[in-house]
Amino acid sequence: MDTSGVLVGSLGTTSTTGNDTFNAVPLTFTALDNLNGGAGNNTFNITATAAFSLAASAPGALVSNMQTANVIATAGVVLNTTAWSGLTALNVTDLTAVDTLTAAATTAITLTNTAQGANAITVNGGSTVAVTATGGIAAGTITVGGTTAAAGAVTVSSTGQAMTTGTQAGAITVTGGTSIAITQTTTGSGYTTNQTGTQGNVTVTGNASTTSVSSTQSAPATAATAVNANVNVTNAIAAVKGIVNGTVAINDLNAADATTATAASLAGTITSVTLANYGAATISSAALNTLTLSGTGTSIATLEAGSTSATNKTLTLNLGGGSHGAITDSSNQFSTVNAVMSAATTLNSFVDTAVRTLAVSGTGVLTLTATNAALTAVTVAGAAGFNGTLVGTGVTSFTAANTTANNTVTLTSTTQSYVGGTGDDTVSIAADSTRTITGGTGNDTLVLSGAAATYTTAVTGANVTGFENLLVSNNNGATYAMTSFPGNTFVSVGVSGGGTNLFSGVASTAALNLNAASTAVTVTYAGAGGSANSATVNLNGTVAAPVTTTLGFVSTAVTLQDINGVGPGTLNLVSNASVGGGLHTITTLTDTSLSNLNITGTGSVLITNAATLANSLTIANNNTSTAATTITTLTSTGNVMGQLNYSGTHAMTITTLTDSVANITIANANTGTTGVLTIGGFANDSLASLTMTGSVAATVTSAIATASTISSGTNNQNTSITYTIGNAGVKTVTLGNGTNVVVTGTAADVITVGTGANTITPGAGADTVVLGAGTAVSSIIMAAAANTYQAATAATIVSGITALTGIDKISGLQIGDTLSIVALVNTFTAAAATTIAGATGTTVALVRGSFATATNIWTTSATGTDTLFVYDIDAGGGNAVVEAVALIGVVASGTAAAGILTLTAV
């Protein structure tokens with residue numbers, strides 16, 4: 001700067017109207033400077049590469065007619081501009097360190113500290129004050145107006161707070177200003193997950209001009225380690241950095257103080273307070289009439305201390321969502337609270353012995369956890385609703401006729417009446433209702449929390465009308481007759497507690513809602529609709545972790561029937577359990593006529609026991625859970641179910657199918673790997689015919705002694721068929737390309753399978769086995785002696801002459817497939833011989849030639865396309881008897897090991 005005298009803007013004259021700029025570089029602004037910007041709108045720029053202190057650098061410098069001063073420093077600024085005339089804007093940017101600013105009431109102060117750390121920021125005076133600090137930690141305080149208040153608005157923004165775990169960001173203290181707005185944000189950058197930091201405490205003291213105060217902090221969070229997903233318990237939850245909100249103390253200049261005799265007679269000035277995310281908060285202002293809340297809050301204590309000048313008896317409570325602790329008015333001043341909703345909000349309580357009226361308006365539902373007993377009126381209007389109990393209050397009537405929102409109210413039905421609106425209202429009563437309770441035009445629910453005998457037709461039946469849903473919430477269980485509630489048309493009945501509950505006279509179209517685990521629920525529908533009825537059961541999951549999800553529970557017994565005990569033909573199960581692997585369990589489902597079962601929802605279903613008299617059952621399973629859908633035991637009562645149909649996007653397992661019908665078809669509309677139907681065990685000793693189409697994985701056993709046919713050639717799922725007795729009747733088995741296992745009996749059975757890895761055990765008799773061509777390894781198992789052609793000695797098998805009566809014929813074997821005779825002797829070893837005579841002792845023979853299937857005559861030939869498998873039945877134990885199996889269409893040699901022969905190329 002010029003150090004030789006006065007430096008005047010615009011050609012050295014103070015009368016110019018030019019807009020001048022003065023730039024001070026390091027060490028050039030000194031005590032000798034006299035800077036006069038002259039007329040115009042002038043700017044003074046100071047740039048310091050280190051700390052800048054006016055008292056240290058230019059203690060006696062004169063500055064005038066500078067409208068804007070811009071100061072940039074790298075290590076702190078200490079600046080008092082009250083002696084600078086004409087200054088209207090002081091803008092300071094500091095990269096770190098301590099900042100102390102003071103300005104006249106005509107100067108707007110803007111301070112930006114980009115790396116506050118543990119350094120203190122102090123600002124006094126100013127027409128307005130705007131402080132933005134980044135990266136504050138413990139001891140990094142911000143104080144505004146400590147000695148001289150701002151004349152106008154004050155805004156403080158502490159962003160990116162970087163306190164370490166277990167510590168708290170620096171306090172923010174503001175005194176004075178017409179309006180005060182404080183914002184704190186943190187990402188927890190100074191600590192890791194499962195650790196917690198606390199935001200700074202806020203203290204505001206108003207002056208005579210202060211009318212409004214707002215404090216906003218980051219949303220709180222509870223520190224937690226990562227949680228792995230647990231099926232039907234919780235989804236995976238990411239680790240969380242804990243954030244605790246700082247306390248907030250707001251004091252009017254004239255806040256009543258028991259130690260100040262005059263305070264109680266002075267009028268307050270702070271009329272409006274806004275809090276968004278806060279710890280324990282206190283507000284002391286006799287003028288308070290508007291409180292705006294959002295986010296999450298610990299508690300609020302208000303204090304007017306009975307000021308003689310505090311005439312405001314009405315508090316406007318603007319609620320913008322979230323959950324808030326108790327509001328306690330220690331002065332017991334407010335008789336009316338107007339809750340203006342902009343979002344659904346939960347408030348623990350409003351404690352004030354003077355309060356009589358709670359008026360809820362706006363948009364959203366106010367959930368009041370504990371209701372003030374002093375209330376005599378609760379009103380709702382517009383799109384606002386109320387959720388809470390009126391029991392124990394002085395309210396005698398509640399009307400929702402003026403609102404479209406959903407209201408949830410618990411009443412003392414002997415002293416309190418209710419009129420519903422257009423929303424879906426829920427009213428809970430514990431006593432026989434002597435007061436009128438009327439549902440509105442919405443889909444309303446009546447909750448009975450008392451014992452069933454409490455509610456009489458003459459009293460509750462006469463006074464409670466207009467409800468569409470009935471819900472029982474007590475845990476004792478009882479019988480509820482719909483005829484006891486003649487003024488209601490229930491489209492659903494339900495339980496949210498345990499015990500054994502019975503509902504009678506239920507409309508045939510009404511749904512059953514199960515909202516919690518229960519012992520037994522029986523629904524008896526009015527009339528004798530029987531199998532023509534269609535029922536819906538909604539399994540409504542309980543809250544899981546995270547709270548946006550639900551999990552399933554166990555319903556021990558669910559019975560659906562008409563007045564004659566006949567179940568509905570169609571059952572729609574809606575399983576709502578959105579947590580990963582969500583699953584509802586019904587231990588015993590009783591629906592005697594079940595013929596159509598439709599499963600939908602976010603959760604799957606496990607039905608331990610189900611039975612039906614129906615001739616056919618169709619299941620459509622489209623739930624979206626990752627959990628398996630299972631019927632542990634499905635019983636055809638009377639063994640008459642001849643058709644089982646399946647469809648849907650979700651797989652299903654019937655662990656045990658109990659049905660001895662002679663002819664049955666199991667059809668799955670799905671043909672691929674999605675929506676597979678698995679029959680874990682189907683034992684049917686009368687099984688004459690089984691047809692399976694689509695994707696059906698089944699394990700079937702039968703002891704039928706007559707002919708039996710299993711047709712499943714287009715089904716490529718894994719199938720196991722075992723005939724335990726086969727002394728009569730041909731078993732004809734046709735399977736697809738799955739991994740199949742087939743065991744047959746003593747007749748001349750015919751087994752045809754696809755290209756999978758098949759394991760076939762043909763029993764006694766001249767069996768025919770056809771294997772599909774594929775790359776999988778298949779195995780033929782000879783389970784006992786005399787299950788194929790048997791000769792006294794190998795010499796009795798004469799090429800081209802001997803008819804090998806009773807021989808098993810295997811087609812489709814490939815190199816790599818195996819033949820097992822372990823069940824006879826497990827000592828067969830070494831390479832196979834190539835002549836019939838070579839089958840002796842522990843050596844088997846694979847003989848090339850041709851087999852005439854019409855005559856069962858074998859002809860040995862070096863050019864033949866078939867192979868005769870010959871083995872000594874006791875591996876040379878003194879019995880010369882040999883057996884033979886015809887391998888059609890394969891020429892192979894092989895090596896035996898421990899009784900298993902593996903085919904190899906010739």
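Select I437 and V464 to begin: I437 stands opposite V464 of strand β38. The model is a predicted one, in which local features need pLDDT of at least 70 and side-chain atom pairs count only at pLDDT 80 or more, while totals for chains, interfaces and linings use all residues. Residues are numbered from 1 along each chain as its sequence is written, and side-chain values use heavy atoms, with hydrogens and water left out.

Next, extend the selection to residues 437–438, which form strand β36. Strands here are DSSP runs of E with at least two residues, numbered from the N terminus. Two bridges join β36 to β38, and the two strands run parallel; strands count as paired if DSSP finds at least two bridges between them.

Now display the sheet to which these strands belong. It is an open sheet of four strands in the order β32-β34-β36-β38, with parallel pairing. Select 397–399 (β32) and 464–465 (β38): these strands stand at the edges, and each has a single partner strand, so one side of each is left without a neighbour in the sheet. Strands of a sheet pair through backbone hydrogen bonds, either parallel or antiparallel.

Move on to residues 719–723, strand β62. Is this strand mostly covered or mostly uncovered? It is mostly covered, as four of its five residues are buried (under 20% relative accessible area, with a 1.4 Å probe and protein chains only). Add residues 696–702, strand β60, which five bridges join to β62 in parallel; T701 has T722 of β62 as its bridge partner. Then add residues 741–743, strand β64, joined to β62 by three bridges and also parallel. Here S720 stands opposite V741 of β64.

The tour ends with the cavities. A cavity is a set of points, on a 1 Å grid over the protein atoms alone, where a 1.4 Å probe fits but cannot get out; its lining residues have an atom within 4 Å of a point. The structure holds three cavities of 30 Å³ or more, where a volume is the space filled by probe spheres set on the points.

For the largest cavity, of about 80 Å³, select residues including L317, F350 and N372. Strand β29 gives the largest share of its lining, four residues. The lining divides into nine nonpolar, two polar and no charged residues.

For the second largest cavity, of about 50 Å³, select residues including G754, Q814 and D817. Its lining has two nonpolar, nine polar and one charged residues; Gly counts among the polar ones.

Note on methods
Buried < 20%, exposed > 50% of the residue type's maximum accessible area, 1.4 Å probe, protein only. 1 Å grid on protein atoms, 1.4 Å probe; cavity = no way out; pocket = protein on both sides within 12 Å on 5 of 7 lines; lining within 4 Å.
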